[in-house]
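Colleague: Before I plan anything at the bench, could we go through this model together, one question at a time?

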Amino acid sequence: MKKRKMLGAVVCAGSIVAGFSGPAWAGTTGQGAVFVQTDEPGGNRVIAYDGHLHQVGAYTTGGMGGVLGGAVADHLGSQGSLTLDRARHLLYAVNAGSNTVTVFRVRGARLTRLQVIGSGGEFPVSVTVHGDHVYVLNARDGGSIQGFRRFGAILVRVPSWHRGLGLDPRATPEFTHSPGQVAFTPDGRQLIVTTKANTSSIDVFGIGHDGSPSAKPVHNVENDAVPFAVDFDRTGHLVVAEAGPNAVTTYALNSRGKATKLDTEATGGTGTCWVVSTNGTFYVSNSGNATLTAVQTGRHGSLTTVGTTATAPGPIDAATSTDGRVLYVQTGGQGTVDRFHIRADGSLTAAGSVTVPGGVGGEGIAAE
């Protein structure tokens, strides 16, 4: 593999550097809720907090966490391993070490475990939801997606909604060569899978009205890009965190699954792997140098950097509050969650931090 391609991905999950460590938040109990997955191999848990990061509870998933070969900051090498369906008050957690997915009922910051179901593959790392359809991304054995239909609060696996990704299962190190995320497009008509350094492709499956995936994906290969995590702007453009060049790139997707590059903006960081958005601003985690880069998109997919903010070591996945005023960033180096107030212009102000029990290397965060 080319040196540039390897470098960006290595710092995503395998490098920890010194960074900001803020004081614990000392305010009064806040509204909202934050859920953090520990991904502990001895027993996976979800730790629940209120909006000011006061711990409310700790909930076992009924499954085991897992660690990809070579991973440090993020055991799963993925985005979206803990996914909140706000409309239906359900939380989905992957149990990579058990090849299962757990479904929780959400009531404020309280969780009730409803179901543990097989992921339809080996080593699940990411979950996405659109309406009654739920898809899980499995990282090992060449990678696969598995679709489920939701009935009430219960998932039912649909065997015919399984597709292999055909990735090389022998490629090493494992954490750079496993798929990174599965995500529905906003209209639910397409399913996106990133392959990171294992073909460096953005794969796009068409999704039928019944929720079934196309027989094969469209492969949008971006040599050396190492596409890791994705989100979407207000006009439906695909926004991708690319670990190869340490950059954010926008793409236009057509109905046939073809991705056309629109703009690229370097983050100035290393280990650029995770991305989350709110109110038109995208926050990209640079795990290698413990920073967040804030980027905004224009009408035609153009990108402009707003600023850079320090975090605790190894920032990975992130989530925003429902009102878009608070950003919560999970950090794998010390197992913390850093809290930031989001200003009107998209810039950030540090607002405290909490250490998650058993959270070092864990991946998965969601917020109400």
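Colleague: Which strands each supply at least two residues of the lining of the largest pocket?

Modeller: This is a predicted model, and what I say is to be read in that light. A strand here is a DSSP run of at least two residues. On that basis, the strands that each give at least two residues to the lining of the largest pocket are S4 (82-85), S8 (124-130), S12 (181-184), S16 (227-232), S20 (272-278), S24 (315-320) and S28 (365-367).

Colleague: And which residues lie nearest the centre of that pocket?

Modeller: The largest pocket has a volume of about 1,000 Å³, and 36 residues line it. By class, the lining has 17 nonpolar, 14 polar and five charged residues. Those that lie nearest the centre are Thr 83, Leu 84, Arg 86, Asp 231 and Val 276.

Colleague: S8 appears in that lining, so in what order do the strands of its open sheet stand, and which ones are at the edges?

Modeller: The open sheet has four strands with antiparallel pairing, in the order S8-S9-S10-S11. S8 and S11 (154-164) each have a single partner strand, so one side of each is left without a neighbour in the sheet, and the strands at the edges are therefore S8 and S11.

Colleague: How many bridges join S9 to S10?

Modeller: Strand S9 covers residues 133-138 and strand S10 covers residues 144-151, and the two run antiparallel. Within this pairing, Leu 137 stands opposite Ile 145 in S10. The number of bridges that join S9 to S10 is six.

Colleague: Which strand gives the most to the largest nonpolar core?

Modeller: That core has 33 residues, of which Tyr 92, Tyr 135, Ile 145 and Leu 191 touch the most other members. Strands S5 (90-95), S6 (100-107), S8, S9, S10, S11, S12 and S13 (190-194) each supply at least two residues of this core. With four residues, the strand that gives the most is S9.

Colleague: S24 is also part of the pocket lining, so why is one side of S24 left without a neighbour in its sheet?

Modeller: S24 belongs to an open sheet of four strands, ordered S24-S25-S26-S27 with antiparallel pairing. S24 and S27 (348-355) stand at the edges, and one side of S24 is left without a neighbour because S24 has a single partner strand.

Colleague: Which residue in S25 does Pro 315 stand opposite?

Modeller: S24 and S25 (residues 326-331) pair in the antiparallel sense over four bridges. In S25, the residue that stands opposite Pro 315 is Thr 331.

Methods
Residues are numbered from 1 along each chain as its sequence is written. This is a predicted model: local features need pLDDT of at least 70, side-chain atom pairs count only at pLDDT 80 or more; totals for chains, interfaces and linings use all residues. Side-chain values use heavy atoms; hydrogens and water are left out. On a 1 Å grid over the protein atoms alone, a cavity is a set of points where a 1.4 Å probe fits but cannot get out, and a pocket is an open set with protein on both sides within 12 Å along at least five of seven lines; lining residues have an atom within 4 Å of a point. Grid points are joined across faces, edges and corners, and a volume is the space filled by probe spheres set on the points. Ala, Val, Leu, Ile, Met, Phe, Trp, Tyr, Cys and Pro count as nonpolar, Asp, Glu, Lys and Arg as charged, and the others, Gly among them, as polar. Two strands pair if DSSP finds at least two bridges between them. A nonpolar core is a set of buried Ala, Val, Leu, Ile, Met, Phe, Trp, Tyr and Cys residues joined through side-chain atoms within 4.5 Å. Buried means under 20% relative accessible area, exposed over 50%, partly exposed in between (1.4 Å probe, protein chains only).
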